[in-house]
Amino acid sequence: MAEAQRAGIDSTATEMLTYAIGDIHGRLDLLDELLEMIATDAARRHVRAKIVFTGDYCDRGPDSSGVVERLLAGPGRAMDVYVCLRGNHDDLFVRAVTTGEEVPDWAWYLFQHTLESYGGSAQPFERNERLLRHVRFLSGLPLTHDDGTYLFVHAGIRPGIAIADQAEEDLLWIRDEFLYYRGSLPRRVVHGHTIVGDRPVVTNNRISIDTGAFRSGILTAAVLAGDETSFLQAVGAPDRGAIERERILSDSVLRGSFAPGLDRVPALLRSVPAG
Ligand SMILES: [Mn+2]
């Protein structure tokens with residue numbers, strides 16, 4: 001019994017409740033606080049927790065590497081489970097490290113900072129065990145999770161198209177065509193990707209949970225208990241550094257020019273001299 005308690009096993013908990021966490025973007029501090037809140041909430045309800053992460057673990061915030069490492073470590077309570085989905089930033093990060101193909105300039109800009117959380121170029125990237133492990137993890141993540149009631153996905157789905165026929169591009173990137181759609185969808189969609197303000201948004205066909213943690217300091221989880229939806233929020237300080245980088249980035253996008261020193265060589269190739 002003492003051992004079961006240490007392992008966080010509540011032998012009376014059989015029901016599983018789903019919690020969905022939006023875009024984390026390097027905010028390990030908020031992630032840790034929110035996971036603690038979820039564990040406390042699940043213990044109080046005597047349920048196991050299925051925690052679905054809707055993607056965008058890296059870029060923008062201070063500790064992308066720490067966030068991915070925390071996801072890889074798995075839940076603190078042995079009876080809980082994690083479902084990690086891939087976001088558009090996770091997808092771009094993998095491309096930027098490996099092939100460098102189809103990575104826009106603005107993503108290269110974010111990636112310079114993300115790589116600092118991996119120790120920068122202090123050691124050759126191809127020998128950076130943590131970076132390689134994370135790239136393998138991120139590139140293998142699914143794009144959707146369907147529990148029969150809710151469809152969990154990073155950005156959303158294209159209305160009028162079956163779930164099985166959705167394009168990867170839409171699942172990772174779609175905004176207006178999905179967000180402004182008022183009709184019914186194959187499932188109620190739980191998603192991140194588009195910042196909806198400090199509070200999550202619930203409509204007839206979606207639950208939007210990206211509260212812009214990297215700039216607002218607010219990370220949100222939806223608690224999906226049958227027909228009843230509630231929310232948990234970890235609240236910390238806004239990240240001034242991330243806000244300043246976003247300002248520089250949007251100025252660059254508007255001007256259509258980026259710093260001449262922007263390094264567009266994939267990290268793994270940087271470590272291997274050409275020729
Ligand atoms: Mn995002």
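How many bridges join strand β4 to β5? In this predicted model, three bridges join β4 (residues 144-146) to β5, and the two strands run antiparallel. D146 stands opposite L151 in β5. The two strands form a hairpin with three residues between them. In the turn, G148 has a positive phi of about 95 degrees.

Strand β5 covers residues 150-153. Side chains in a regular strand alternate between the two faces of the sheet. In β5, Y150 and F152 point one way. L151 and V153 point the other way. All four of these residues are buried. Strand β5 also pairs with β6 (residues 188-191). Here four bridges join the strands, which run parallel. The bridge partner of L151 in β6 is V189. L151 thus has D146 opposite it in β4 and V189 as its partner in β6.

A further set of five strands forms an open sheet in the order β3-β2-β1-β9-β10, with mixed pairing. Strands β3 (81-84) and β10 (228-235) stand at the edges. Each has a single partner strand, so one side of each is left without a neighbour in the sheet. Neighbouring strands of this sheet are turned by 25 degrees against each other on average, direction ignored.

At the β10 edge, eight bridges join β9 (residues 218-225) to β10. These strands run antiparallel. A222 has F231 as its bridge partner in β10. Helix α2 (residues 28-45) lies across β1 (16-21), β2 (48-53), β9 and β10. The helix runs at about 140 degrees to β10.

Technical notes
Residues are numbered from 1 along each chain as its sequence is written. This is a predicted model: local features need pLDDT of at least 70, side-chain atom pairs count only at pLDDT 80 or more; totals for chains, interfaces and linings use all residues. A residue is buried if 20 or more other C-beta atoms lie within 10 Å of its own, exposed if 12 or fewer, and partly exposed in between; C-beta atoms are placed from the backbone. Two strands pair if DSSP finds at least two bridges between them. Axes are lines fitted to C-alpha atoms, for helices over the stretch in contact, and angles run from 0 to 180 degrees between N-to-C directions. Two residues are in contact if their C-beta atoms, placed from the backbone, lie within 7 Å.
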